[in-house]
Number of protein chains: 2
Amino acid sequence: MSNMNKVIFGSTKDSDMHYAVKTPVTSSFFYLETRGKKYALLDKVDFSIIPKNLRIKSVPLNPFSEEAKKLRLKTSDRNKLAYYIFKRYGLMGRKVQIPIHFPLDMADFLRRKGAKLVPAFPFFPERAVKTKEEIRYIKESLAHTKMAFRIIENILRRSRIRKNKIYYQNKILTSEFLKQEAEKALIEKGMFDLLGMIISTEKQTAIPHHIGFGPILPHQPIVCDIFPRHRASGYFSDMTRTYVKGRPSPEIQTMYAAVLRAQNAAIKKIRSGVSAKEIYDITANVILKNGYHIGDYGFIHGLGHGVGLDIHEKPSLKANSEDILETGNIITIEPGLYYSRLGGIRLEDMILVTKTSFQNLTNHPKKLVIP
Amino acid sequence: MSNMNKVIFGSTKDSDMHYAVKTPVTSSFFYLETRGKKYALLDKVDFSIIPKNLRIKSVPLNPFSEEAKKLRLKTSDRNKLAYYIFKRYGLMGRKVQIPIHFPLDMADFLRRKGAKLVPAFPFFPERAVKTKEEIRYIKESLAHTKMAFRIIENILRRSRIRKNKIYYQNKILTSEFLKQEAEKALIEKGMFDLLGMIISTEKQTAIPHHIGFGPILPHQPIVCDIFPRHRASGYFSDMTRTYVKGRPSPEIQTMYAAVLRAQNAAIKKIRSGVSAKEIYDITANVILKNGYHIGDYGFIHGLGHGVGLDIHEKPSLKANSEDILETGNIITIEPGLYYSRLGGIRLEDMILVTKTSFQNLTNHPKKLVIP
């Protein structure tokens, strides 16, 4: 742990809090790092649920709450409690790092009382470099996500095209049905789909984050982007494939080939010490060289991002990123091309950065056409 | 909408943002209310996904980002963009409400530049009073949750006790299995379990938020607290039942009866205009009159909370609440008793506050013993 004083207030819905205590806690509580020690100040409803091996001292919050309520201060009980804790742990007047989502009313009040709060992002920079345990968690999460893709591919393979509709087991195949089948299987593996998956069709695919709905159309791009989280570990995985059921147009085939080339070119160059910007630029060059665009249409988003307890975390692989890849980063490489007339193509793999090279954790076939 | 200027920055993971735009948006964006107009400043990846009928003007963010990057300011591109938008929409120097989870580094920067930011909680106070549409969404969410309870009850009923273990289909019945079965059924109904459900057994039940794990023990309390969210609408439901498979001790039976009495006494008094504190006090009195405790053991948590796009929202039914119940509030009434030696009992229903009375939306049997 760093020498900085650190304070988080929240539940483990906050991924920094989750990282700190490594177990789900649904009520808001205070987490402190100060003078080389770690504390969790917990309400009775959550007391004693933090794993012992983390060397975090669990402190019952309720006696403090009682004391704090008596303070004659014009603010909420919650802010009084924060003030009481800052005083009690000698944090007033000393630099204290807080996450950028620390409650603003609490920060305002503490500052009025003399607290020196420094918003820090990333709050735990070490989150970008995954431990062996974290790599195992992410691999496990990704293994289940790949299974969901196999289910989708199977359904598409077994479906039949009739009069510009796709039928599966004699029903019109929809985005909703595919999501449901993928999700049922994920749930059985202890995964949960926190943010909703993307299974978009035809023109929908031209909007990268369109979640998709309605009948899946034949001969048109189907973008599947699934990013569920493992319930037990809390770690995300993130993966995208684009398919066409039937016969894609030559334009779509060429676009797909360009995206695949751009992705391969980027992945090949990954190793510790390379800048994220360099990897982005390699991709962008392939896109441009193949006659596609960057900006308002074509390749319109970043190349990738770290994945862990957040679906988007450090490092960031954008045009203006200042991040340098490090051994133990797990990043997505997800180039895409989007044109409102044609639709979109995106391919996304998860890559572990190693000292001299990389490991493609996804390692799942890429085939546009499902006949 | 109110006359206040309001700004949110975030994705619809932020429930206030979800409330504002009523559709999932996974990337962070700016939402503005100013001079009687509403704006969503959206990245290309999310553009045009906000429903038209909300009368929110969708504005492409990318041209602003390009302009903002050129500003010679020592801060992140994101903060530059926020500053650019505040200037462009005439928000500098005027009072602007922001949610308490507004990014602190952004708030700090904007304030240094002269922004008058006022953290507001609740940010949209009107969220506490549900519209007809919201009531429908919550009823739908709750209907599916009740189905999950019926599944759990069925499994418990069909299970057999042998040598202090419970067997279902010849396997030892576990918390994990019950959660999986409940969740599979919820998923099929378009529900998702965002925060993890509680199915705890024996001593685990003495910690109200213990999520539970391992074999379910006979003759001991089983606390089931399920609070999933409907994927399509985003609305939560929240419900708790406590069971004993086998023969509960007389102490547990008496505790259950007291919790049920406390709950009924509270529910009976609900109507618009009554203070939340009064309802809490009624419950607390029943608990005390029955010889149980309030504070460190016994009834150790609040009585209930509003439910909507957040699992916990206004109004709050705690000992020190200043909230007054209003027609259209949907609240939980969930008294509980917890003793480390005996375990815990909790019962939770969702109640719609009406002008002269209440409506129990949960309306699901309460029976401790499953033989």
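**View 1. The two chains meet through the same surface.** Every interface residue of chain A, 100%, is also an interface residue in chain B, so the copies meet through the same surface. This is a predicted model, in which local features need pLDDT of at least 70 and side-chain atom pairs count only at pLDDT 80 or more, whereas totals for chains, interfaces and linings use all residues. Residues are numbered from 1 along each chain as its sequence is written, and chains are lettered from A, with ligands numbered from 1, in the order in which they are written. In the interface, 40 residues of chain A are in contact with 40 residues of chain B (contact: C-beta atoms, placed from the backbone, within 7 Å). On chain A, α4 (104-112) and α6 (175-188) each supply at least two residues of the side that touches chain B. The largest share, five residues, comes from α6(A). Helices (H or I, at least four residues) and strands (E, at least two) are DSSP runs, numbered from the N terminus.

**View 2. A two-fold axis relates chain A to chain B.** A turn of 180° and a shift of 0.1 Å along the axis lay chain A on chain B with an RMSD of 0.0 Å (least-squares superposition on C-alpha atoms of residues with pLDDT of at least 70 in both). That is the relation of a two-fold axis. Of the residues of chain A, A:His101 comes closest to the rotation axis, its C-alpha lying at 2.5 Å.

**View 3. Helix α7 of chain A has one buried face.** The helix spans residues 250-268, and its 19 residues reach 27 Å from first to last C-alpha, close to the 27 Å expected (1.5 Å times one less than the number of residues). Its buried residues are A:Ile252, A:Met255, A:Tyr256, A:Ala258, A:Val259, A:Ala262, A:Gln263 and A:Ala266 (buried: 20 or more other C-beta atoms within 10 Å of the residue's own; exposed: 12 or fewer; partly exposed: in between; C-beta atoms placed from the backbone). Down the axis of α7(A), these residues fall within an arc of 165°, so they line one face of the helix (the arc is that of directions from the helix axis to the C-beta atoms). On the other side, A:Pro250 and A:Lys268 are exposed. Among the elements covering the buried residues of α7(A) are β12 (221-226) and α8 (276-289) of chain A.

**View 4. Three strands of chain B form an open sheet.** Their order is β7-β8-β9, with antiparallel pairing (pairing: at least two DSSP bridges between two strands). The edge strands, β7 (160-162) and β9 (171-172), each have a single partner strand, so one side of each is left without a neighbour in the sheet. Strand β8 (residues 165-168) pairs with β9(B) over two bridges. The bridge partner of B:Tyr168 in β9(B) is B:Lys171.
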